[in-house]
Amino acid sequence: MARKTIRSIPQERAPMPVLDAAERATNFDEVSLGFDEPNALVECERCLICPEPACVAGCPVEIDIPGFIQKMLKKDYHGAWDTLTDSTFLPAVCGRVCPQEDQCEGVCAVAVSGGLEPVAIGRLERWLGDKAVKEGWKKKSHIETNRFKVGIVGSGPASMACAADLAKAGCKVTVFEALHAPGGVLRYGIPEFRLPNSVVDAEIANLEALGVEIRCNTLVGRLFTVEQMLEEMGFDAVFVGTGAGTPKFMDIPGENLNGVLSANELLTRCNLMHAGDFPKFDTPLEVGRKIAVIGSGNTAMDAMRVSKRLGAEEVHCVYRRTEAECPARQEELHHAQEEGIEFHWLTAPVELLGDAKNNVRALRCLRMELGEPDDSGRRRPVPVPGSEFEFEADTVVYAIGTSPNPILGQTSNIQLNKWGYIDTDDELATSLAGVYAGGDIVTGAATVILAMGAGRRAAASIRRYLGIRDSMSVYEPEHSGFENTLFGIDMSEKNFVHLRQI
């Protein structure tokens, strides 16, 4: 029997270079600069190349993570990218914005069993994705076209993932986008210092290279209905991935004052108007002097950091729980703290106060303490009696979640649930035959990669509905030739770990 090679792995994660906090808080340049090749290879060495990896099960689109890392170790970068893009069409995007710490990296054996930091899977994915974009790599594909036409409503991550899989299956795919450029939340909801539009453009170009047609400035539900797409426009199936972009408010007094807006509005206006490029683009966005952002998720972090870059003197986070319950990614919270954002934990607004001109001037807040756990598993915030105080602010931004856009429900017979989201079965089929839906319009606000996973599931369901033979790739681990004894772990046993719920 041939003797297997035994190898050790680097203990420390390769460092991620970032812009200096004082410098980056004044511009929209990307904060995290990405690995160079030597650091990427060092990080690859940390992977155990598990034969039955939990990281694959932890990924919503089931990327063959050990497979692409193993090819990177051999410097077969194009082969690694081919492996990666068998499952995700947006590696340069997902490598930047996906919460890997709660998914693939959250179940990495190096961390779970070895007690070290997990392999930086997301940063490796970004490095490969960026290399592909820079060098203009194209996916080698031999697509046999068929007679089926599929319409996609919306151009966010769920829609793009669905469109890519259906195009690769040979369908003629047309994407309808309401705004003037495709990308959905990737383009309009995430600031460029986290996800540059040039990256989004490059990934969309790859989608168009598969033959996907994208029609912008086309609002489905106003120009035509989903039913008309099936009955009059000749589509054999439709996927709805319109997201959930309607902002939520707290329904407290004063929310109609001038200077009160949602994070969605702030971020979309900034991106649409190129406000971050002022004065190159003559569209400044006035945000006020003292900003209070209610909420502490990733969208709240984006809103606060954008406000700082747009010239606010003070930016404050108001959140009713503690830092331990903060739902934002740790990296985003850390970057916000470095940039001078002030955090007010255990603080809940109960009223917005205005001046004589109906402009917001302050928040009336209560101090909170944590009580028993609620349905989410987190301890419930409870008001502290007699703790009321005023907090000065001339702009208040709500970042406490979103609801679905009601237009499709108003203009079609698609069945909605009691919260206004599209009702689907386990196959992501809606109440209308041939119409499928996925992403935030079904689940409520979630992550980019979860939306992509839903888009891929819907594409598989549409292929079955249309009777197309399913030849899409399925994860199959490759034999590594390595025997890992670093931690004395039997890596042949699959160890699933429940992901942390936010």
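Modeller: A nonpolar core is a set of buried Ala, Val, Leu, Ile, Met, Phe, Trp, Tyr and Cys residues joined through side-chain atoms within 4.5 Å. The model discussed here is predicted.

Biologist: Which residues of the largest nonpolar core touch the most other members?

Modeller: The largest nonpolar core has 81 residues. Helix α18 (residues 448–466) gives the most to this core, contributing nine residues. The members of this core that touch the most others, however, are F68 and M72.

Biologist: What does F68 touch, not counting residues up to four places away in sequence?

Modeller: F68 belongs to the largest nonpolar core, where F68 and M72 touch the most other members. With residues up to four places away in sequence set aside, the residues that F68 touches are I63, A80, T83, L84, I121, L124, E125 and L128.

Biologist: How many residues are in the second, separate core that includes I291, V293, A303 and A312?

Modeller: Among the members of this second core are I291 and V293, which lie on one side of β8 and are both buried. Another member is A303, one of the buried residues of α14. This core, separate from the largest one, has 31 residues.

Biologist: Are both faces of β8 covered or open?

Modeller: Five of the five residues of β8 are buried. On one side of the strand these are K290, A292 and I294, and on the other side they are I291 and V293. With buried residues on each side, both faces of β8 are covered.

Biologist: Which residue of β9 is the bridge partner of A292?

Modeller: Strand β9 (residues 314–318) runs parallel to β8, and five bridges join the two. Within this pairing, the partner of A292 in β9 is H316.

Biologist: What is the handedness of the crossover from β8 to β9?

Modeller: Five bridges join β8 to β9, and the two strands run parallel. Between them the chain passes through helix α14 (residues 298–309), and this β-α-β crossover is right-handed.

Biologist: And in β15, which residue is the bridge partner of A292?

Modeller: β8 also runs parallel to strand β15 (residues 395–398), to which four bridges join it. There, the partner of A292 is V396.

Biologist: How far does α14 reach from its first C-alpha to its last?

Modeller: α14 has 12 residues, for which the expected span at 1.5 Å a residue is 16 Å. Close to that expected value, the reach of α14 is 17 Å.

Biologist: Why is α14 largely enclosed by the rest of the structure?

Modeller: The buried residues of α14 include A300, M301, D302 and A303, and also S307, K308 and R309. The helix counts as largely enclosed because the number of its 12 residues that are buried is 10.

Biologist: Is S307 buried or exposed?

Modeller: S307 lies in helix α14. Leaving aside neighbours within four places in sequence, S307 is in contact with L266, V287, I291, A312 and V315. Because its relative accessibility is 1%, and buried means under 20%, S307 counts as buried.

Biologist: How many salt bridges does the structure hold?

Modeller: Some of the salt-bridge residues form a network, in which R24, R194, D302, R305, R309, E332, E338 and E339 are linked. Within this network, D302, R305 and R309 are also among the buried residues of α14. For the structure, the number of salt bridges is 30.

Biologist: How far apart are the closest N and O atoms of E105 and R13?

Modeller: E105 and R13 form a salt bridge. This pair links distant parts of the chain, with E105 in the loop between α6 (91–97) and α7 (109–112) and R13 in the loop between β1 (5–6) and α1 (21–24), 92 residues apart. Both E105 and R13 are buried. Their closest N and O atoms are separated by 2.7 Å.

Biologist: With which residue does E392 form a salt bridge?

Modeller: At 43% relative accessibility, E392 counts as partly exposed. Its partner is also partly exposed, with a relative accessible area of 33%. That salt-bridge partner of E392 is R289.

Biologist: What separates the C-alpha atoms of R147 and D236?

Modeller: R147 lies in the loop between α8 (121–135) and β2 (149–153), and at 66% relative accessibility R147 counts as exposed. Although R147 and D236 are 89 residues apart along the chain, the separation of their C-alpha atoms is 9.3 Å.

Notes: Residues are numbered from 1 along each chain as its sequence is written. This is a predicted model: local features need pLDDT of at least 70, side-chain atom pairs count only at pLDDT 80 or more; totals for chains, interfaces and linings use all residues. Side-chain values use heavy atoms; hydrogens and water are left out. A salt bridge is a side-chain nitrogen of Lys or Arg within 4 Å of a carboxyl oxygen of Asp or Glu. Buried means under 20% relative accessible area, exposed over 50%, partly exposed in between (1.4 Å probe, protein chains only). Two strands pair if DSSP finds at least two bridges between them. A crossover is right-handed if, with the strands pointing away from the viewer, the path from the first strand over the helix to the second runs clockwise. The expected span of a helix is 1.5 Å times one less than its number of residues. Contact means heavy atoms within 4.5 Å.
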